[in-house]
Amino acid sequence: MNFKQAASTLVLSMAVTVFAAQAEGPTDPQIAAIVVTANQVDIDAGKLATSKAQSKEVAAFAERMVVDHEGVNKAASELVTRLQVTPEPNATSQNLQQGGDENLAKLQQLDGHAFDRAYVEHEVAYHEAVLDAIDETLIPSAQNAELKALLVKVRPAFVAHLEHARQLRASLDQVGRLGQE
Amino acid sequence: MRVNVLARAPRALVLACTLAILGAAGTSAPGVTAKEYTIAIEDMRFVPATLTVRRGDRVTWINRDLVPHTATATAKTFDSSSIAPGGTWTYVATEPGTQAYACAFHPTMKGEVSIR
């Protein structure tokens, strides 16, 4: 991981764990905004990667991120509508959006293997950070039982995505090594 | 006078026709009733992950996750294609042996159906 990637990961981690340092966790409307934003930034990155990825495996992964995170957001939107909870933007959701925008700006400047590597590296960091937030902040803070249940239900998808992204990173590393030989 | 054709047909011919019909339908052996099995797809896993059935049994995958999945045999003997959230797909077990399968969308999801 180079300096820029490390910095990006740090920003992401700070964004989703900001509430951990506070005395009280986020409210349900704030959690709703965090969930929707977290999914949306990965959908945006996935859409870019679907069109720019060099590797067909990376492109397929990106397409999956778009489909899966849209599915999660659809379920989240239906739930908050039914519960009459209005998502409330907050520091964490805004930091997530900012981190997503910065990631997109960086990816726009890359092509080929460098793009694939940067996209997948960010996907690993993103899913690690969101999983930490789900476990340490969002699930413990959720007050509504159905909102908590939704967070519990989507967690395995983030785990599977993280493992998939790690496998892709390993295969890209191998391609990179072969290219240097 | 009405003639009972079956009564006059050679028994071997009747037996051959019966077996041909059963074979064409790919159903269980004579005298064995096909069973129905369900594999739940939930929490990004196949539950149960391993299942043993007899030839002719029906196996139905039901997707209880929020995202689409597939049940795709490694040997390409069966492929559900995309199963939408809440959707199902049924496979009539016809290929004897152990069929390893995975979700084509999520490579960490793996299962196995043994067909006897």
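# Exercises on helices, salt bridges, a sheet and aromatic rings

E146(A) counts as partly exposed because its relative accessibility is 37%. The model is predicted, and the exercises below all refer to it.

**Exercise 1. Find the salt-bridge partner of E146(A) and place both residues in the chain.**

Step 1. The partner is R82(A), and the closest N and O atoms are 2.7 Å apart.
Step 2. E146(A) belongs to helix α6 (residues 145-180) of chain A and R82(A) to helix α3, so the pair ties together parts that are 64 residues apart in sequence.
Step 3. R82(A) has a relative accessible area of 54%, so this residue is exposed; the cut-off for exposed is over 50%.

**Exercise 2. Check the length of helix α3 of chain A against the expected span, then examine the residues at its start and after it.**

Step 1. The helix runs over residues 56-83, which is 28 residues.
Step 2. At 1.5 Å a residue, the helix should span 40 Å. The multiplier is one less than the number of residues.
Step 3. The end C-alpha atoms are 40 Å apart, so the expected span and the model agree.
Step 4. At the start of α3(A), the backbone nitrogen of E57(A) has a side-chain oxygen of S55(A) within 3.1 Å.
Step 5. The helix is followed by Q84(A), which has a positive phi near 60°.

**Exercise 3. Describe the salt bridge between D135(A) and R155(A).**

Step 1. The closest N and O atoms of D135(A) and R155(A) are 2.7 Å apart.
Step 2. D135(A) sits in helix α5 (residues 112-141) and R155(A) in helix α6 of chain A, 20 residues apart, and the pair links these distant parts of the chain.
Step 3. D135(A) is partly exposed because its relative accessible area is 33%. R155(A), at 30% relative accessibility, also counts as partly exposed.

**Exercise 4. In what order do the 4 strands of the open sheet in chain B lie, and which are the edge strands?**

Step 1. The order is β2-β1-β4-β6, with mixed pairing.
Step 2. β2 (45-47) and β6 (88-92) each pair on one side only, which makes them the edge strands.
Step 3. From one strand to the next, the twist averages 25°.
Step 4. β1(B) pairs with β4(B) in the parallel sense over 6 bridges. I41(B) stands opposite N63(B) in β4(B).
Step 5. A salt bridge joins E36(B) and R58(B), with the closest N and O atoms 3.2 Å apart. E36(B) is in strand β1 and R58(B) in strand β4 of chain B, 22 residues apart.

**Exercise 5. Trace the aromatic pairs that F78(B) forms with Y91(B) and Y101(B).**

Step 1. The structure holds 10 aromatic pairs over all chains. One of them, F78(B) with Y91(B), is tilted, at 4.5 Å centre to centre and 35° between the planes.
Step 2. F78(B) lies in the loop between β5 (72-73) and β6 of chain B and Y91(B) in strand β6, so the pair ties together parts that are 13 residues apart in sequence.
Step 3. F78(B) and Y101(B) also form a tilted pair, 5.9 Å centre to centre with 55° between the planes. Y101(B) is in strand β7 (residues 97-102) of chain B, so this pair ties together parts that are 23 residues apart.
Step 4. F78(B) and Y91(B) are both buried, and both F78(B) and Y101(B) are buried.
Step 5. Ring pairs link F46(B), W61(B), F78(B), W89(B), Y91(B) and Y101(B) into a cluster.

Definitions and conventions: Residues numbered from 1 in each chain as written. Chains lettered and ligands numbered in written order. Predicted model: local features only at pLDDT ≥ 70, side-chain atom pairs only at ≥ 80, totals over all residues. Heavy atoms only, no water. Helix = DSSP H or I, 4+ residues; strand = E, 2+ residues; numbered from the N terminus. Polar contact = N/O pair within 3.5 Å; in protein donor to acceptor, adjacent residues only side chain to side chain. Salt bridge = Lys/Arg side-chain N within 4 Å of Asp/Glu carboxyl O. Buried < 20%, exposed > 50% of the residue type's maximum accessible area, 1.4 Å probe, protein only. Pairing = 2+ DSSP bridges. Axes fitted to C-alpha atoms, helices over the stretch in contact; angles between N-to-C directions. Phe/Tyr/Trp six-rings, centres within 6.5 Å; stacked < 30°, edge-to-face > 60°.
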